[in-house]
Structure formats: C-alpha cells, structure tokens
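Please look through the sequence and the model shown here before reading on. The paragraphs that follow begin with a single residue and then move outwards.

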Amino acid sequence: LRCKVWLEQPNITIVSHGNLLLRLHHQPSADPDLHGMFTFVYPSEHMVDEIYEQLKELADDAPRINETYRIYQFFATDPDGRKLEFQAFLHPLSVVSSDPNHPANSCDKE
C-alpha cells in the first residue's frame, strides 16, 4: 500500500494513508481468518465510554487505562469471533489529514 509509518509501539505498527489509520498487531489464533484485530481510534476517553455503552454486551471488560501504550481502551468480540479494540490515545499525536497534499499523507514507504 506504500503507506507511511504513523506510530511505532511495542509489537504494534500504525500506518497512515490519507485519513485512514491501520493498526498492525499479530494476534495468535487457531483460525487464520481471525488473526489480527480491528482497532477503532477515538479522539477522547469520553467517546470510548460512549461506544462502550453501545457495545457493552460484546465487551470483554469495561474501558481502562493501558499505561504501556498510553491509551484508554476496551476490547470486544464481534459475532464472528474477531477481536475488536476501541481506544483513545492519552498522549499528543501528529496530525492525520484528509488533505492529499498534507505532509502526513506522504506514502513513500517502500
């Protein structure tokens, strides 16, 4: 996809392309279709709490602070068994813009 590395964390890489952020994190599973995880990033803890209230029945647990990654998060499992993560970063991040001319949208990574 020739996307730019947006953020590196232990065992996780988040790449950007336009206004898309894609989190890459290997999650072992007996079923190859269920490897990996979908992560939804929100701008605030409050928004994570709102999503939690909507998806409470699918959630593994209530939202919490993860000191390792400096995020506020909760996990859920979709009806097909895929892991989902809902999070807000608790530290400043660089801008991701939908403007194709914005420097954050350079996809020069080979």
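Arg-70 is partly exposed, with a relative accessible area of 46%, where buried means under 20% relative accessible area, exposed over 50% and partly exposed in between, for a 1.4 Å probe and protein chains only. Arg-70 lies in the loop between β5 and β6, and its phi is positive, about 55°, although Arg-70 is not a glycine. Helices (H or I, at least four residues) and strands (E, at least two) are DSSP runs, numbered from the N terminus.

This is a predicted model, in which local features need pLDDT of at least 70 and side-chain atom pairs count only at pLDDT 80 or more, while totals for chains, interfaces and linings use all residues. Residues are numbered from 1 along each chain as its sequence is written, and side-chain values use heavy atoms, with hydrogens and water left out.

The strands on either side of that loop, β5 and β6, run antiparallel and are joined by three bridges, and Asn-66 has Ile-71 in β6 as its bridge partner. They belong to an open sheet of four strands in the order β4-β7-β6-β5, with mixed pairing; two strands pair if DSSP finds at least two bridges between them. At the edges are β4 (37–41) and β5, each of which pairs on one side only. From one strand to the next the twist averages 35°, the axes being lines fitted to C-alpha atoms, for helices over the stretch in contact, and the angles running from 0 to 180 degrees between N-to-C directions.

Which residues of α1 are buried? They are Val-48, Ile-51 and Tyr-52, and because these buried residues fall within an arc of 105° when seen down the axis of α1, they line one face of the helix; the arc is that of the directions from the helix axis to the C-beta atoms. On the other side of α1, His-46 and Gln-54 are exposed, whereas what covers the buried residues includes β6 and β7.

The buried residues of α1 also enter the largest nonpolar core, which has 11 residues, among them Val-48, Ile-51, Tyr-52, Phe-74, Leu-84 and Phe-86. Such a core is a set of buried Ala, Val, Leu, Ile, Met, Phe, Trp, Tyr and Cys residues joined through side-chain atoms within 4.5 Å. The elements giving two or more residues to this core are α1, β6 (71–77) and β7. A second, separate core of seven residues includes Trp-6, Tyr-69, Ile-71 and Phe-89. Within the largest core, Phe-74 is in contact (heavy atoms within 4.5 Å) with residues including Val-48, Ala-59, Pro-63 and Leu-84, its neighbours within four places in sequence being left aside.

Charged side chains add another set of links, with a count of four salt bridges, each being a side-chain nitrogen of Lys or Arg within 4 Å of a carboxyl oxygen of Asp or Glu. Lys-83 and Asp-60 meet in one of these, at 2.3 Å from N to O, and this pair links distant parts of the chain, since Lys-83 is in strand β7 (residues 83–89) and Asp-60 is in the loop between α1 (45–55) and β5 (64–66), 23 residues apart. Lys-83 is partly exposed at 26%, and Asp-60 is partly exposed at 45%. Asp-78 forms a salt bridge with Arg-82, their closest N and O atoms being 3.8 Å apart, and Asp-78, Asp-80 and Arg-82 are linked in a network of salt bridges. Within that network Asp-78 counts as buried, at 17% relative accessibility, whereas Arg-82 is partly exposed, at 28%.
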